[in-house]
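Here are some notes to read with the structure open beside you. Take them one point at a time and find each spot on the screen as you go.

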Amino acid sequence: YYNAPVHELLGGACRESMKVYSWVGGDRPQDTANAAKKAFENGFEAIKMNATEELQYIDSYDKIESVVQRVAGIREAVGNQLGIGIDFHGRVHKPMAKVLAKELEPYNPMFIEEPVLSENIEAVREISQTTTIPIALGERLFSRWDFKPILESGFVDIIQPDLSHAGGITECKKIISMGEAYDVGAAPHCPLGPIALASCLQVDATCHNAFIQEQSLGIHYNKDSDILDYITNKEVFEFKDGYVDIPKKPGLSVEIDEAHVRKMAEVGHDWHNPIWRHKDGSIAEW
């Protein structure tokens, strides 16, 4: 109606571009060091990886050592120039989360994400008191009311609302602005497609405390389609030196390929989170 991008309707942009990070895996033995080095050579200034495979409440220090070796390998490959986000994914319990945070501290992570489940704020408090690594969480919180006690606690350094789950553009704008009042950074959660990412970038443009954006472009959730295939103007997400320009076309600035949407709707999908179990058969990740 106004022929304006969404960020103009939210009050205007405070930045011209947004830093993004690249995903390198990590929760199963793999060569994360080479993946991180490749991302760095492609201009990314930050990567994110899963920290660990499944861990019991009290578990083997061999597993802890394997995590440390993967992170150490990245540091050895690219030095301190690369930010490393390490996602515990809520699959670690407080006793081992404390051990992991202590062992990872010498490698200067950019943040540790969901060291325990977000609902377990008492454990987050205890972990925050034992480490200087910034703590990030928020993908499992769904409104400003969920984020309010987290911000008031003072134990979290980075909030990660997901626009697709936490009320959309308006609600997440409010959540991130609440975080700024507590001197908390924001790194919106977005392991999804181009519409979700475009929405995130419009909010990021207006939020001073948004410092990095998750993205999963290039990932194939279906063997017949890349998620970028759902739009016709792929150039809107051109990454340069680890940043993407804030889109300035009307609305979200993406143009949907409706024919491709219809085609893939006929194919359907059957993607599910893997269900991990411990050796005794109990569920390993919530």
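1. What volume does the second largest pocket have? It comes to about 200 Å³. Keep in mind throughout that this is a predicted model. If you wonder how such a pocket is found at all, rolling a probe the size of a water molecule over the atoms shows where empty space is left.

2. Now, who lines that second largest pocket? Its lining includes Ser 17, along with Glu 235, Val 236, Glu 238 and Lys 240. Also in the lining is the run Tyr 243, Val 244, Asp 245, Ile 246, Pro 247, Lys 248 and Lys 249. Strand S10, residues 243-245, gives the most to this lining, with three residues. By character, the lining residues split into six charged, five nonpolar and one polar.

3. Next, hop over to the start of the chain. Tyr 1, Tyr 2 and Leu 9 make a nonpolar surface patch of about 510 Å². Tyr 2 sits in the segment before helix H1 (6-9). Is Tyr 2 buried or exposed? Its relative accessible area is 63%, and exposed means over 50%, so Tyr 2 is exposed.

4. For a contrast, look at Cys 190, in the loop between strand S8 (185-186) and helix H8 (194-204). Cys 190 has just 1% relative accessibility, and buried means under 20%, so this residue counts as buried. How far apart in space are Cys 190 and Leu 163? Their C-alpha atoms are 7.6 Å apart, while in sequence the two residues are 27 apart.

5. Here's one for fans of backbone angles. Asn 108 has a positive phi of about 50°, although it is not a glycine. You'll find Asn 108 in the loop between helix H4 (94-104) and strand S5 (111-113). Its relative accessibility is 44%, which lies between the 20% and 50% cut-offs, so Asn 108 counts as partly exposed.

6. Asp 183 also deserves a look: it is not a glycine, yet its phi is positive, at about 60°. Where is Asp 183 found? Its place is the loop between helix H7 (168-181) and S8. With 74% relative accessibility, over the 50% cut-off, Asp 183 counts as exposed.

Key: Residues are numbered from 1 along each chain as its sequence is written. This is a predicted model: local features need pLDDT of at least 70, side-chain atom pairs count only at pLDDT 80 or more; totals for chains, interfaces and linings use all residues. Side-chain values use heavy atoms; hydrogens and water are left out. Patches are made of residues with over 30% relative accessible area and no salt bridge: like charges are joined within 9 Å, nonpolar side chains (Val, Leu, Ile, Met, Phe, Trp, Tyr) within 5 Å. Accessible areas come from the Shrake-Rupley method with a 1.4 Å probe; for residues, only the protein chains shown count as cover. A salt bridge is a side-chain nitrogen of Lys or Arg within 4 Å of a carboxyl oxygen of Asp or Glu. Helices (H or I, at least four residues) and strands (E, at least two) are DSSP runs, numbered from the N terminus. Buried means under 20% relative accessible area, exposed over 50%, partly exposed in between (1.4 Å probe, protein chains only). On a 1 Å grid over the protein atoms alone, a cavity is a set of points where a 1.4 Å probe fits but cannot get out, and a pocket is an open set with protein on both sides within 12 Å along at least five of seven lines; lining residues have an atom within 4 Å of a point. Grid points are joined across faces, edges and corners, and a volume is the space filled by probe spheres set on the points. Ala, Val, Leu, Ile, Met, Phe, Trp, Tyr, Cys and Pro count as nonpolar, Asp, Glu, Lys and Arg as charged, and the others, Gly among them, as polar.
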